[in-house]
Every structure is written in structure tokens, then in C-alpha cells.
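Hello,

Here is the structure I promised to pass on. Please open it first, then read my notes below.

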Amino acid sequence: MPCPALPDGFDFTDPDLLHHRVPLPEFAALRRAEPVCWIPQPAGLAGFQDEGYWAVTRHADVKYVSTHPEIFSSSLNTAIIRFNEHIERDSIDAQRLIMLNMDPPEHTRVRQIVQRGFTPRSIRALEERLRARARAVVQGALAHGGPFDFVTQVACELPLQAIAELIGIPQDDRAKIFDWSNKMIAYDDPEYAVTEEVGARSATEIIAYAMNMAADRKQCPAKDIVTTLVAAEDEGNLSSDEFGFFVLMLAVAGNETTRNAITHGMHAFLTHPGQWDLYKRERPRTAAEEIVRWATPVNAFQRTATQDTELGGKQIRKGDRVGLFYSSANHDPEVFDHPDDFDITRDPNPHLGFGGGGPHYCLGKSLAVLEIDLIFDALADAMPDIKPAGDPRRLRSAWINGVKELPVTAG
């Protein structure tokens with residue numbers, strides 16, 4: 001039965017919806033009336049031959065699903081809640097090779113290897129280089145003169161540089177990785193004229209590039225993270241294939257999401273000038289976490305029930321898809337005082353912008369927080385009077401809360 005708290009036919013994964021707004025009023029209505037709600041979909045519309053999914057909107061329920069992978073699988077239908085309706089099932093199943101779409105114990109094995117690259121020591125080693133890059137990015141935008149696009153001139157650059165620094169991608173190749181990652185997630189937006197086939201080809205290009213890096217390090221080990229992850233497979237390291245899919249995940253999870261967090265954060269500061277004044281004056285270390293809560297760059301992932309179970313008073317059947325709506329959880333008044341306020345001093349801030357805990361909690365959280373801190377510190381130093389120069393233009397997407405253009409002026 002459709003949810004009576006929503007208009008007939010309302011679907012949280014409709015890409016036209018996120019193209020215009022995050023449906024916060026509808027999320028609030030569900031949290032009050034029916035926090036686990038069945039959303040009907042025509043078979044095949046999202047790439048799945050079923051009749052819809054359960055929308056999970058409360059913070060506590062999103063956390064519960066996230067921390068019980070034995071009941072709610074990431075692998076059965078992947079974590080992506082909506083594909084293009086023309087996608088073949090084989091293409092969906094192939095994505096199980098990405099860590100995001102694995103379940104324990106295979107996920108546990110791969111994550112234990114990959115997290116070697118995200119130790120506190122590894123991130124600290126990047127800090128000064130990324131600080132210099134953040135300053136250079138902002139100075140480059142400042143030199144542009146007149147209004148400029150914050151997304152392309154500022155927000156895009158540092159996350160890409162961070163990933164490239166982390167795994168040692170040469171400077172000359174970084175633009176290629178950026179282009180490929182853009183095409184992978186833009187198939188819902190007609191402005192980009194990117195087909196599912198182009199997206200798949202771009203994914204293949206990233207995987208092949210990374211596999212070549214892995215093969216090179218196996219032949220000629222170096223003192224870098226790639227060598228740490230792939231050398232001597234029999235000693236518990238990644239195969240070349242696994243490393244390829246790991247870099248593919250980084251291209252989206254580490255690049256697109258942090259870029260959108262930075263963009264939404266800048267827009268939040270521009271529309272809450274008192275918070276920007278506070279940031280410039282005090283630089284609170286709580287700001288990055290509030291920016292991620294406010295932005296919630298991934299609006300939703302999904303899980304699939306491995307058995308009959310109950311959630312939020314509803315009977316979930318084995319095989320049902322369950323949508324985890326992080327944007328809703330991050331505005332849950334049961335958890336956040338005044339959740340609709342942008343408050344960079346918010347503490348504690350148990351948002352789910354990095355996932356709801358459990359095995360898929362964001363591996364790169366500390367790197368993302370560092371990037372956000374560094375870029376806004378650089379902006380506050382070099383562009384304290386930054387102003388909006390137009391309205392943001394949003395990405396048309398089923399699950400990414402993205403902004404593709406934000407006109408600003410240095411003031």
C-alpha cells in the first residue's frame with residue numbers, strides 16, 4: 001500500500017526530484033506518520049524487477065539497518081538504490097566487486113587491507129601538501145577575476161588532488177580521473193549527454209588505469225600506499241583487480257562526495273552570513289562535521305533483506321529493498337536540536353553523512369574532514385568577502401545530492 005503521508009506516485013529516488021530539491025518536508029511527514037514506508041515503483045524502473053522499496057527515514061532505523069549486515073545485504077542488489085531503467089542485470093551484478101557492494105566476510109577482508117592507506121599517520125603525512133594545494137586552488141580562483149564557478153574553480157580540485165596524492169597518481173593524469181568519475185555518475189542528467197554506456201566505459205578506464213598502477217608496483221615496489229596495498233598478494237594484499245575496483249570506488253566516494261560537501265558548505269555560508277563571520281573569526285573544528293550533515297552528499301543507499309524481519313513496526317520480506325535516506329536521518333529532531341539550522345558549533349553531531357556505522361562506515365572520513373577544514377581555512381584567509389553571484393544549479397540524480405554550478409564573486 002502506498003504511504004498516505006505522501007502524494008500518490010511520490011518517489012524519493014525520482015531524479016527530477018533531487019534535480020530541484022532535497023525533499024525535507026516529505027521526509028519530516030514520514031518520520032512523524034510512517035517512518036518505514038513502502039514506495040511503489042514499476043518493475044524495471046530502477047533496474048530491479050520488483051515492485052518498489054521501503055523508505056527508512058528515522059535516524060535510529062537507518063543506524064539499525066547499517067549495523068546489521070547479516071539481515072540487510074549490500075551485495076544482493078548493490079548499495080545503489082536506482083540505476084537507469086535500461087541497465088542489464090549482469091551490469092548490476094558486476095558492481096559487487098566494489099567494496100561498497102560487498103558483505104562480510106569478503107568486505108571485512110578487503111577493508112582490513114585497504115584501511116592501511118587511511119591510517120592517522122598516512123593522513124597526517126598528506127596534511128601539509130594538501131594545505132599548500134588548498135591555498136593554491138583558492139589563489140587560482142582569486143586570480144580568475146570577476147565572478148567564477150565555485151564548483152569547477154574550487155570544490156572540484158582539492159578532493160581530486162587528495163586522492164591523487166594518496167595513491168600516487170601523477171599530476172598530468174589527474175584530469176583524466178576527474179573526467180572519468182564525472183561521467184560515471186552523470187547518466188541521469190541530460191545536460192551532460194552521458195549514456196549508461198559512456199559511464200560504464202569510464203568505469204572501465206579507471207579500473208584499467210589502476211590495474212596498470214598495481215602491476216607496475218608489483219614489478220617495481222616503491223615507498224607508497226599502492227605498494228603497501230598490492231605487493232605480495234599471498235601476504236594478505238589486494239589483487240590487481242581488487243585494487244582497480246578500490247580506485248573506482250575512491251573516484252566517486254572520495255571525489256564526488258567531498259566536492260559536493262564543500263560546495264553545499266559554501267552555499268550554506270553564503271546564505272547564513274552570520275555563520276561565515278563566526279567561521280572566519282573562530283575557525284571551529286566542529287564546522288566540517290556540520291557541513292557534512294547539512295550537505296549529506298549521498299542522499300540514499302540501499303540494502304536488501306536476507307530474511308523476513310521487522311523494522312519500524314513493518315514486516316520486511318526476504319528480498320525486499322530498503323532505502324536508507326541519510327538526508328532525512330540528518331534532520332531527525334529526535335537526535336538534533338533545531339535540525340533545520342546550519343550551526344557550525346553543533347556538538348555533539350552524530351550525523352550519518354559518513355554512513356550509519358557498521359562495516360560500510362566511511363573509510364576516508366578523516367581525509368574528507370581534513371580537506372573541508374583546509375579549503376575553508378584557505379577561503380577565509382584569501383576570500384573573506386566571498387559573495388553569491390547567482391543561484392546554484394543542481395545535479396539531476398537519483399541518489400547524489402549534487403551541485404554542478406555555484407556562481408560566486410570574491411567580493
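R293 sits over the face of F336, 5.4 Å from the ring centre. Please keep in mind that this is a predicted model.

Next to R293 in the sequence is W294, which takes part in a ring pair with F342. The ring centres of W294 and F342 are 5.4 Å apart and the planes meet at 55°, so this pair is tilted. It links distant parts of the chain. W294 belongs to helix α14 (residues 287–295). F342 is in the loop between α15 (326–329) and α16 (365–382). The two residues are 48 apart in sequence. Are they buried or exposed? W294 is partly exposed, at 26% relative accessible area. F342 is buried, at 4%.

W294 and F342 also belong to a cluster. Ring pairs join them there with F269, W276, Y279 and F376.

How many aromatic pairs are there? The count comes to 20. One of them is W38 with W54, an edge-to-face pair. Here the centres are 5.2 Å apart and the planes stand at 70°. W38 is in strand β1 (residues 36–40) and W54 is in strand β2 (residues 52–56), so the pair ties together parts 16 residues apart in sequence. W38 counts as buried, with a relative accessibility of 15%. W54 is buried too, with 11%.

Now the core. The largest nonpolar core has 131 residues. Those with the most contacts inside it are F12, F150, F243, F246, I375, F376 and L379. Which helix gives the most to this core? Helix α12 (residues 240–271) does, with 15 residues. What does F246 touch? Leaving aside residues up to four places away in sequence, F246 touches V114, F118, L229 and L238. F376 appears twice in these notes: among the core residues with the most contacts, and in the ring cluster.

Last, a helix pair. The axes of α6 (residues 120–144) and α16 come within 9 Å. They cross at roughly 40°, and the crossing is right-handed. On the α6 side, the contact residues include I123, L126, L130, A134, V138 and L142. Charged names are on that side as well, among them E127, R131 and R135. From α16, the contact is made by S366, L367, L370, L374, I375, A378, L379 and A382. I375 and L379 are also among the core residues with the most contacts.

Best wishes

Methods
Residues are numbered from 1 along each chain as its sequence is written. This is a predicted model: local features need pLDDT of at least 70, side-chain atom pairs count only at pLDDT 80 or more; totals for chains, interfaces and linings use all residues. Side-chain values use heavy atoms; hydrogens and water are left out. A nonpolar core is a set of buried Ala, Val, Leu, Ile, Met, Phe, Trp, Tyr and Cys residues joined through side-chain atoms within 4.5 Å. Buried means under 20% relative accessible area, exposed over 50%, partly exposed in between (1.4 Å probe, protein chains only). Helices (H or I, at least four residues) and strands (E, at least two) are DSSP runs, numbered from the N terminus. Contact means heavy atoms within 4.5 Å. Rings of Phe, Tyr and Trp (its six-membered ring) pair if their centres lie within 6.5 Å; planes under 30 degrees apart count as stacked, over 60 as edge-to-face and the rest as tilted. A charge sits over a ring if NZ of Lys or CZ of Arg is within 6 Å of the ring centre and within 35 degrees of the ring normal. Axes are lines fitted to C-alpha atoms, for helices over the stretch in contact, and angles run from 0 to 180 degrees between N-to-C directions. A crossing is left-handed if the near helix is turned anticlockwise from the far one by less than a right angle, and right-handed if clockwise.
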